[in-house]
Amino acid sequence: MRIRLYGWIASILLLSAFSFSSWAGENSNVLLLGQISEPQSLDPQVATAANDSRILVNIYEGLVRNADGSLKLEPALAESWDVSDNGLTYTFHLRKNVKFHDGSPLDSQAVRFTFERMLNSNHPYYHTGPFPLSFFFSVIDKIETPDNDTVIFKLKEPFAPFLSNLATHAGLIISPAAVKQYDKNFSRHPSGTGPFKFTEWTANQRVVVEANEEYWDGRPSLEYVVFRPITDANTRVAEMLSGGIDAMVEVPADNVPLFAADARFHLYQATGPHVWYGMLNTSIPPFNDVRVRQAVNYAVNKQNIVKYILQGSADVAEGPIPSAFDWAFDPETTAYPYDPQKARDLIKAAGAEGQKIVFYVTEGGSGMLDPIPMATAIQADLKAVGLAVEIQTFEWNTYLSKVNSGLNQAHMAEMAWMTNDPDTLPFLTLHSASWPDKGGFNSGYYTNKQLDALLDKARVTNDIELRAQLYRQVQKIVHEDAPWLFVANWKQNAVASARISHFKLQPNFNLLLKDVRKD
């Protein structure tokens, strides 16, 4: 049991806790936040993980943002905007007298620079990429800047998720002056307009940000925030217990009762649009056969994973569109039941008995819950129905580089996504235009022309009822075709010291720290 380990782990980590407390000042207004891994990048257009986004949204801002505690959109760097009747023109009116942390002005040229750097291969700073989420904005045809305070986006076709994509970290506005100064090293010298300014990034130790005294929406309460990468979950828990950190995200499920019962801490939980799944390489045997893909879904006891490994901190997933999108979710599509005999029959019919499966697993990463215990449970269930699974584990950023480039050396891989629109996950991970060599995240090389057509149609209509109908059809097709092992929808959590107030989880899995206080 992990709980029995806490005493000696906490003792061993006292020196680490002391060093960070000394750095921050034991009674100073500094928040020490434990994260699950080292950031991949502090360039918002380069980063892909929620782990990085939690830092980025405190340094940068977008034209729009999700309202506090909601997925609804509200003004941010744009005070207002207009959309043409045909859905092809979006005009944004910028907030005046806002400056980047380096002192340069936020203006329409900076907004244009941000998006053209991603989208125009001839842009002088396109080489500072790659920009893996530029798919979010590929519908942009041109950007006009009639004056310093107005930005006009002309789209190639109507695109319903455009505004919600602007609210993601890929839509955060960067300082052109900083990019020009630091070039490819911009990710180590970020400059935005947000409530906190970048101070320091010490590899594998900390990222430090400090209060932006000139923030347009009022100075933050905290002096500094220190983001500490602590990959091992047990170590993260021990650091929390020993005072080495003030707060931590992604609390291991079996530690939730411990913090809930301890008056020194406040436990935070919130639902959000999260999907944890096993992507299947549909380009090679045995997963090029739909019968084997369905068999995997019958073989794995997802109810037990949710109950015993995740300790009730998640629900069983039905498909690629989580129930958090209640307007687009298909209630008629139910999760695959646990039926190992049916799995055996399907595997036998497909001639896949004894097939070796290489399963990529991460040691820990953004939204990955308990990846190794979950993978071990999946391995055992698949062995029971006749599939020989070999687990290969990797550190998170190494894992991302191997998986995002395509499952060329594996049959299966863990993955988790948190999204703010029902278009994002199925389009970027299941559309045939999103194979890795085309810039997307369809690493299992799945293709279905009917699905492609539905997704294409859903993104070009602003009729919410029609979009909902289309996404329900998407859910049905993907569930039946089973390009994934559908596992869980996570209820995100975090824990903070009782000294910390105004700490709050957001449905989009970000952390907004401007109003957080340390008493």
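Between which helix and which strand does the loop with Pro130 lie? I looked this up first and found Pro130 in the loop between helix 4 (108-119) and strand 6 (140-147), where helices (H or I, at least four residues) and strands (E, at least two) are DSSP runs numbered from the N terminus.

I note that this is a predicted model, in which local features need pLDDT of at least 70 and side-chain atom pairs count only at pLDDT 80 or more, while totals for chains, interfaces and linings use all residues. Residues are numbered from 1 along each chain as its sequence is written, and side-chain values use heavy atoms, with hydrogens and water left out.

I then looked at the peptide bonds. The bond from Gly129 to Pro130 is cis, with omega near 15°. I also found a cis bond from Pro285 to Pro286, with omega near 0°, and Pro286 sits in the loop between strand 13 (274-280) and helix 9 (290-299).

Next I checked backbone angles. Asn97, although not a glycine, has a positive phi of about 65°; Asn97 belongs to the loop between strand 5 (89-94) and helix 4. At 80% relative accessibility Asn97 counts as exposed (buried is under 20% relative accessible area, exposed over 50%, partly exposed in between, with a 1.4 Å probe and protein chains only). Gln311 is another residue other than glycine with a positive phi, near 55°, and I placed Gln311 in the loop between helix 10 (302-309) and strand 14 (314-316). With a relative accessible area of 41%, Gln311 is partly exposed.
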